[in-house]
Amino acid sequence: MRQELKEILVTTADQGLYEITESVRAFTKSSSITNGLLTAYCRHTSASLVIQENADPDVQRDLLAFFRRLVPDGDPLFVHTMEGADDMPAHVKTALTQTSLAIPIVDGRLALGTWQGIFLFEHRKQPHIRKIVLHVIGA
Amino acid sequence: MRQELKEILVTTADQGLYEITESVRAFTKSSSITNGLLTAYCRHTSASLVIQENADPDVQRDLLAFFRRLVPDGDPLFVHTMEGADDMPAHVKTALTQTSLAIPIVDGRLALGTWQGIFLFEHRKQPHIRKIVLHVIGA
Amino acid sequence: MRQELKEILVTTADQGLYEITESVRAFTKSSSITNGLLTAYCRHTSASLVIQENADPDVQRDLLAFFRRLVPDGDPLFVHTMEGADDMPAHVKTALTQTSLAIPIVDGRLALGTWQGIFLFEHRKQPHIRKIVLHVIGA
């Protein structure tokens, strides 16, 4: 049994989904682990992780639109506003999605379904550099 | 330290919760791992995983009702409609719940609480065969 | 490769966020694992786990306020009411957040970001003693 760790960076320009599937796939391949478990971990509280369809870009547009309507920027419910109108909504959207994801590795490949892609979900409007830690364990 | 992998299939007939606790328990037992970690992974973007109460069926009914109200089929917000009025809501419900779940194994048993069951959450109305990958690692 | 398991208890007095970062950090340190993966698992269906900002207490207040508005206690949508007006909303809030969290361990430390804390999210008003199982694997 072996393991590997790596931190990857994602540069974001605005709220939205940023696909990281290829980076995760490359790390998995470079580890030479045939069967095991890949974990992705997002080191932030205003950005998160989701697995979503990566075929039709409208899915990503609609997902973003839904979360914007559900947790509107500038909602008067929020007291924590000093870091911007999109900061507290970003924390809520992070709680509603994922900070960590686990994906089995089977026969040298991530067990992603046909339409599944791995995305960083950026909830802030300002540009950020986001850190994601990847861990793989297996044989 | 050892590991095992298995794919299980779940046949669904409509939106709703389908309990898979017994299949996961049987896999864990067959692995003969006494202490470790079980991961369940759903290979879809319109079905997901949740851990919920499995005592009163009304809990499952209410959970379904809540998600239907929160993300209504046919919501005019959505542009991605070519796969049906329940397709984009299915992607959103998947993002709001889990694609992967991890459960420790302690003394040969899943560390599920007294009332916890593991469920596939089907978000589409049409029948589907859903694939879930199980991974266990431990000793 | 080694692993450790531990159950920790969290005493709750009302709905809200209870930080468990130090308990998880102490367990990780006591395991002497330098690189690996920490998993926290909540053994309940009316309490859950979230990773959130632990700097400004207003973030926790706002997060609680948002979930209370999204899933109001006593919502007439719910049929499962015999365990109290806050019981079914507690199940829904659990489904919307996390039952398990995975955090990599890098150079002997949890890979938490600067502002990240680990919280038990209690969804019931009555006092409870909540059980969280911690598992660490690595070398």
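**Chain packing about a rotation axis**

L96(A) is the residue of chain A that comes closest to the rotation axis, with its C-alpha at 3.3 Å. This is a predicted model, in which local features need pLDDT of at least 70 and side-chain atom pairs count only at pLDDT 80 or more, while totals for chains, interfaces and linings use all residues. Residues are numbered from 1 along each chain as its sequence is written, chains are lettered from A and ligands numbered from 1 in the order in which they are written, and side-chain values use heavy atoms, with hydrogens and water left out.

A turn of 120° with a shift of 0.0 Å along the axis lays chain A on chain B with an RMSD of 0.0 Å (copies are superposed by least squares on the C-alpha atoms of residues with pLDDT of at least 70 in both). Chain B can likewise be laid on chain C by a turn of 120° and a shift of 0.0 Å along the axis, the RMSD being 0.0 Å. Chains B and C are thus related as by a three-fold rotation axis. In chain B, the C-alpha nearest the axis belongs to L96(B), 3.3 Å away from it.

We can turn now to the meeting of chains A and B. Chain A brings 36 residues to the contact and chain B brings 32, where contact means heavy atoms within 4.5 Å. Of the interface residues of chain A, only 17% are also interface residues in chain B, so the copies meet through different surfaces. The size of an interface is often given as the accessible area lost when the parts come together. Between chain A and chain B the buried area (accessible area, 1.4 Å probe, that two parts lose on being put together, summed over both) is about 2700 Å², and carbon and sulfur atoms give 63% of it. On the chain A side, M1(A), D62(A) and F66(A) lose the most area to chain B, together 19% of what that side buries. One salt bridge is counted between the two chains (a side-chain nitrogen of Lys or Arg within 4 Å of a carboxyl oxygen of Asp or Glu). R69(A) and D75(B) meet through their side chains in a salt bridge, at 2.6 Å from N to O.

Helix packing offers a view of chains B and C. Helix 2 of chain B (residues 57–70) and helix 3 of chain C (residues 87–96) pack at about 60°, their axes 10 Å apart; helices are DSSP runs (H or I, at least four residues), numbered from the N terminus, and axes are lines fitted to C-alpha atoms over the stretch in contact, with angles running from 0 to 180 degrees between N-to-C directions. Among the residues making this contact are F66(B) of helix 2 and L96(C) of helix 3.

Terms used:
Helices (H or I, at least four residues) and strands (E, at least two) are DSSP runs, numbered from the N terminus.
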